[in-house]
Amino acid sequence: MKTNKTGSVGGMILPARLEVRYDRAFLIDLKSLEAAAMQKMNRFVFEDFFTTNQLQDLPEFQALENSGILYRFTIDHCIIAIEVIGQIIKFLRILPEPTI
């Protein structure tokens with residue numbers, strides 16, 4: 001999916017042509033959520049995400065280990081993993097947040 005929305009990666013403004021991709025595992029994870037959670041998550045990843053000014057504004061946004069391209073954040077007790085390479089953001093997984 002391509003969009004003309006302007007966003008940012010790591011505090012840097014992205015070009016107007018941001019490409020967002022969804023990994024097959026992410027889509028399978030999304031479908032496995034209960035109905036209410038799936039609807040809320042659909043709205044976030046397919047609509048609300050594009051209004052985010054900076055990735056650091058996402059709840060609990062952080063890099064995974066020492067990776068310069070893999071990040072995670074949380075939405076409604078779910079951990080969402082993404083890969084950021086240049087103008088491409090790829091949603092990798094969505095998993096329930098572990099309870100401690």
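Which residues form one aromatic cluster? In this predicted model, the cluster consists of Tyr22, Phe26, Phe44, Phe46, Phe49, Phe50, Phe73 and Phe91. The count of aromatic pairs comes to nine. A pair of aromatic rings is described by the distance of the centres and the angle of the planes. For Phe26 and Phe91, the centres lie 5.2 Å apart and the planes meet at 45 degrees, which makes this a tilted pair. The two residues belong to distant parts of the chain, with Phe26 in helix α1 and Phe91 in strand β8, 65 residues apart. Phe26 counts as buried because its relative accessibility is 0%, under the limit of 20%. Phe91 is likewise buried, at a relative accessibility of 0%.

In soluble globular proteins, nonpolar side chains tend to be buried together. The largest nonpolar core of the model holds 24 residues, and Phe73, Ile80, Ile82 and Phe91 are those that touch the most other members. Two or more residues are given to this core by each of β4 (18-22), α1 (24-31), α2 (35-46), β6 (70-75), β7 (78-85) and β8 (88-96). The greatest contribution, four residues, comes from β7. Beyond four places in sequence, Ile80 touches Phe26, Met41, Phe44, Tyr71, Arg72, Phe73, Ile75, Phe91, Arg93 and Ile94.

One of the contacts of Ile80 is Arg72, a residue of strand β6. Arg72 has a relative accessibility of 16% and is therefore buried, the limit being 20%. When residues up to four places away in sequence are left out, the contacts of Arg72 are Glu60, Phe61, Gln62, Leu64, Ile79, Ile80 and Ala81.

Helix α2 was examined next. Its twelve residues should span 16 Å at 1.5 Å a residue, and the end C-alpha atoms are indeed 16 Å apart, so the expected and computed values agree. Met41, Phe44 and Val45 are buried in α2. Viewed down the helix axis, the buried residues of α2 fall within an arc of 85 degrees and therefore line one face. An α-helix has 3.6 residues a turn, so residues three or four places apart point the same way. The elements covering the buried residues of α2 include β4, α1, β6, β7 and β8. On the face turned away from the buried side, α2 carries the exposed residues Ala35, Ala36 and Gln39.

Asn42 also lies in helix α2. Its relative accessibility is 27%, which lies between the limits of 20% and 50%, so Asn42 counts as partly exposed. Apart from residues up to four places away in sequence, Asn42 touches Leu30 and Glu47. The C-alpha atoms of Asn42 and Leu27 are separated by 9.9 Å, the two residues being 15 residues apart along the chain.

Strands β6, β7 and β8 are linked by antiparallel pairing. β6 and β7 pair in this sense over six bridges, and β7 and β8 do so over eight bridges. In a regular strand the side chains alternate between the two faces of the sheet. Cys78 in β7 stands opposite Ile75 and also opposite Pro96 in β8. The hairpin of β6 and β7 has two residues between its strands, and Asp76 in the turn adopts a positive phi of about 45 degrees. The hairpin of β7 and β8 likewise has two residues between the strands, with Gly86 at a positive phi near 60 degrees.

Positive phi values also occur in loops. Glu60 has a phi near 55 degrees, a positive value in a residue other than glycine, and is located in the loop between α2 and β5 (62-63). Its relative accessible area of 51% is over the limit of 50%, so Glu60 is exposed. Glu60 is also among the residues touched by the buried Arg72. Glu65, in the loop between β5 and β6, has a positive phi near 50 degrees and is likewise a residue other than glycine. At 78% relative accessibility, Glu65 counts as exposed.

How values were computed:
Residues numbered from 1 in each chain as written. Predicted model: local features only at pLDDT ≥ 70, side-chain atom pairs only at ≥ 80, totals over all residues. Heavy atoms only, no water. Core = buried A, V, L, I, M, F, W, Y, C linked by side-chain atoms within 4.5 Å. Buried < 20%, exposed > 50% of the residue type's maximum accessible area, 1.4 Å probe, protein only. Contact = heavy atoms within 4.5 Å. Phe/Tyr/Trp six-rings, centres within 6.5 Å; stacked < 30°, edge-to-face > 60°. Expected span 1.5 Å × (residues − 1). Arc of directions from axis to C-beta. Pairing = 2+ DSSP bridges.
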